[in-house]
Every structure is written in structure tokens, then in C-alpha cells.
Amino acid sequence: MQPKKHFLLASADNMKQLTELYRQWNGTEPATTEQLPGAGSNRAYYRLTGRDGRSVIGVVGTSRDEDHAFITLARHFTKRKLPVPEVLAVSDDELRYLQQDLGTRSLYDVIRGGREAGGRYNQKEKELLRRTIRELPNIQIRGARGLDWSCCYPQPKFNADSVLFDLNYFKYCFLKPTDIDFHELKLEANFRLMAKDLTAETGTAFLYRDFQARNVMLSRDDKPYFIDFQGGRKGPFYYDLASFLWQASARYPDRLRRELIADYYDSLRNYTEVPSMQHFTERLHLFVLFRTLQVLGAYGFRGYFERKKHFIESIPPAIDNLRQMLSENDFPYPYLVEMLQRLTELPQFAPQEESKVKRADGYRTAETNVYEANPKDGPATFSKYDGKGPLVVRVYSFSYHKGIPEDESGNGGGYVFDCRSTHNPGRYEPYKQLTGLDEPVIRFLEDDGEILTFLDSVYRLADAHVARYLQRGFTSLMFCFGCTGGQHRSVYSAQHLAEHIHRKFGIEVRICHREQNITQILPHSTTVTQPSS
């Protein structure tokens, strides 16, 4: 109970000190105060609202150097009229400050629909991404002009030492816990060669370092504003582009990535001289490889050692990025590339509670069959169907006029979802000859948004059911989506759920768009970790 009491006292003290800082700045105390959800750092955030209804964000930090970096950078960027929150007041010790309230709309939240649809971003979401990526060179190039780099924390510039630190973070926090064999001296030699290549060109831009959709806030007119840049330093502009476009959970499709790279390149030319597109792309891919290893190190530490589910779930898409980079590029680090290729072939990338993997403490858990019934379920859950496996999921689209599809497995069917409550593109002439697999229909449904809200609920229900069936070793599960003609909404929904289940669980999924006479099999994948619960 003592730690909780200490936390409450600390929170009360923070509020008292922030309230006093607000009073000194505004002349009156705030009418209301609200603590905001924590971010990835140790800083605490509060929304303080005055009697006139206007609010500011109060920040309480634990590192004076880190706070000093943010305050100094924010003031410099504001002076140069860059889109960042203005710092309004600062305590004498710089551990507390007030900044402009940019609202609650982050880019990450606004493009959630496309992300959760497996990278099928609609036109509005794509436009927001383009606005953001075209604004990035503004803060990178104009923000660097006249900046006193000595304020940067923990170091003023991107150099070989910082590269080697991140690469060794990857080695110790990700490679070693996966128990893959590697020759440490050979790997270290390739690390040093990569560090030399990454720092071969003098980088004079402001390297944001943590440039991601979570750190972009949107105004009411959808103008992007940048936050959480306190870890920035002097460095190459490629790094931030790689960090943003190859963020594991975003799942940007290749075509969209290429479009955003072109947008960034065209915007960058307005601020500085740029190399040829070929040279730019080659350098960018080198930074993508480095950034991928860097985030895997972070995921390894947060997932393997701290056992945080979000980071464990982020490993497979990061490995997908790595696999794609290795297949499309010829990197000049033979031993590193060979080792990474072996890494991408491992069947699992995160430890599970009841599978044969190495834990962070160096011991192994008991080896079990994932298809065996779990004794923790209790005898009441067991049946003659338990422990058979493997699970195959069948997903249908159909027309209600022709009846619900029959269950061929003999197990009694599964879920049937009615899509007819959502907006029907079949009412409009341009879409009547198309299906839910065609881009114009996909764009219509996603721009409208009703189908994405509908699928949010379906995904939650399906994920829990599939995970439970895997745990108990069931062999068959069926999902059906019906609409008026079995052509647009049901086809879109069935295809998206099938791809979502296959991507998340790696199991075999069979798709049947019955009224369109289209079938497809998404085969079992050994590179996706199957949850045990």
C-alpha cells in the first residue's frame, strides 16, 4: 500500500505546483484540472482549463535535461513559426511547464480505420498522411537553421557511437532472447561497417528521432502539429522518413509508401538541395534496415523482458518489414544479412506462456502442444472435439435472397453477420457492375466509414473466438457475411475479416464469395505466432 500512497502524494504535489505555475501565468487558478493518459516517458500530463473555457497542457518531468531540451527546441521552433505547441510558462527548475493545448485529435487516432483494416487507407486518411509527410522537411530543415545543438538530449548529433548503441541494443534485447545462434565477432564487424555507412554523409537536418503518427496532432482544419521532439538532434533527414513510413503497426501498403516518399522528396526540394532519386532511395533503405533493427531491440526489451503484450504483438509486423527489406535490397553486410534471414525464418518471435521458448530470465517454460486442451480451463470445458487441431477458418459472403451458406464441417456453423445496415454502393450506377474487391467500391465504403465501425465489433468478437478455438484445439470455425446481393458490402467484409485473421493468427483461412464464384485459400503460416489465449 505504501507505493500507492506515495504515488497519490506525488500526484497531489504535481497538481499543486502546476496550479501555482498556472496562477502565476494567468493570474487566476484553473477552474478544472484533468490528468491525461501517460505516454512512453516518465513525464505526467495534465489539462488545466480556465474559467473562460480555454485550456493549456501542464507537464511535469523527472529529467531537467530532457525538459530543457524540449523547452529550448519548442521556443526555437515557435520563433521560426513552425507547427509545434508554444511553451507558455516554465518553472525555475524547468521540471514543470505549461504549453499550448493542441486538442485531442492525433493522426494515429484519425487514421485508425485504415490501420485496423490491414493498411486499406481511404482517401481522407491518405490525404492526412500526405499533409504530414510534406510538412516534415519544414521542421527538419528550417528547424535546424540557427539552432543551438548543445541543448539536445542526451547527445547533440547522430554519430557512429549512437548507431552502435542501438545495434547492440538489438543484439542483446532481441537476438539473444530468441536463442538464435550467431558469431558475435562477425556480427560486430558488420555492425561497425553499417555504422560507418550510416554516418558517411554529414547530416545537418533536425533529426526528430521519434517521428510517428502518435506524435502528430491535427487542428480543426486538419493542419498537422508536431509534439514530443525532445529526443531530437542533428542528423540525416532519411531517419525520420524511415521511422514514419516503416512503422510496424501502420502497415502502409507499398504503393502508398512510394507515393509518400515521392511527396516527401518533392517537398524536401523546396528547402534544400537533394541527391538524385536513386541515391536518395538507396540511402533511405539503409536507414530503414537500421530503424527496423532498432525498433526490434525496443520491442524485445518491452516484450521479452517487461512482458508487455502490445510490444510482443508488434514483433511479427516488424519482422515482415525486415523480411521484405532483405528480399528487395542487396545490403553489403554478408554475415548480418545471413543471420537476419535465418531470424526471419524462425517460427516464433515472442515468448508465450506455455510454449518452448526462452524466457527473459534465461529459463525455458514447459513444452506443450498448442492444440491440447488447457487444464486451466477446468473439466467442464472439455469435450470430445478438444485437442484435435489444427484450426481452419472458413469465411463466406452471400446474398440473403439465396439463403445462408451451409456448414460443410458438420459442426453446426458459426457466426452470421448482416451487413445490410451499412450504406450500399449497389444503389449507385458506377458501382453496380463492381464488387467489394474492386478499388472504387472499397474507396466508397471506407470514405463512408460505416463499414469500418461495423467491422470493429466483428474483429473483437472474432479474435476472442479464434484464440479460444486454438487453445482448445478445435478444427473448424465459420464466419458468414450477408447483404442484399452478396456483391459489395458482404464481399468487402468477408475479405477483410479473412485477411485480418490470417495476418494475426497465421492459420489457414478459406474464403468463398459464393455469389461471385470466387474462392481463395490463405495457407497456414509458420512465421506468425499463434496466441495461446
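Asp222 and Arg105 form a salt bridge in this predicted model. Their closest N and O atoms are 3.0 Å apart. Asp222 lies in the loop between strand E7 (216-218) and strand E8 (224-226), and Arg105 in the loop between strand E5 (96-100) and helix H3 (107-110), so the pair ties together parts that are 117 residues apart in sequence. The two partners are not equally covered. Asp222 has a relative accessibility of 16% and, being under the 20% limit, counts as buried. Arg105 is partly exposed, at 29%.

A second pair joins two helices. Asp263 forms a salt bridge with Arg134, with 3.9 Å between the closest N and O atoms. Asp263 belongs to helix H9 (residues 254-268) and Arg134 to helix H5 (residues 123-142), so this bridge ties together parts that are 129 residues apart in sequence. Asp263 is buried, with a relative accessible area of 15%. Arg134 is partly exposed, and its relative accessible area is 35%. Both residues also belong to a network of salt bridges. The other residues linked in this network are Arg130, Arg255 and Glu259.

Glu184 and Lys176 provide a further example. Their side chains meet in a salt bridge at 3.5 Å, N to O. Glu184 is partly exposed, with a relative accessible area of 31%. Lys176 is also partly exposed, at 32% relative accessibility. Side chains of opposite charge can pair when their charged atoms come close. In total, the structure holds 34 salt bridges.

The nonpolar residues were examined next. The largest nonpolar core has 95 residues. Within this core, Phe170, Phe280 and Leu340 touch the most other members. Helix H10 (residues 277-305) gives the most to the core, contributing 12 residues. Phe170 illustrates the packing. Neighbours within four places in sequence are left aside here. Beyond them, Phe170 is in contact with Leu175, Phe191, Leu293, Leu296 and Gly297. Its contacts also include Met339, Leu340 and Leu343. Leu340 is thus a contact of Phe170 and, like Phe170, one of the residues that touch the most other core members. A second core is separate from the largest one and has 37 residues. Among them are Cys419, Tyr469, Ala498 and Val509.

Definitions and conventions
Residues numbered from 1 in each chain as written. Predicted model: local features only at pLDDT ≥ 70, side-chain atom pairs only at ≥ 80, totals over all residues. Heavy atoms only, no water. Core = buried A, V, L, I, M, F, W, Y, C linked by side-chain atoms within 4.5 Å. Buried < 20%, exposed > 50% of the residue type's maximum accessible area, 1.4 Å probe, protein only. Helix = DSSP H or I, 4+ residues; strand = E, 2+ residues; numbered from the N terminus. Contact = heavy atoms within 4.5 Å. Salt bridge = Lys/Arg side-chain N within 4 Å of Asp/Glu carboxyl O.
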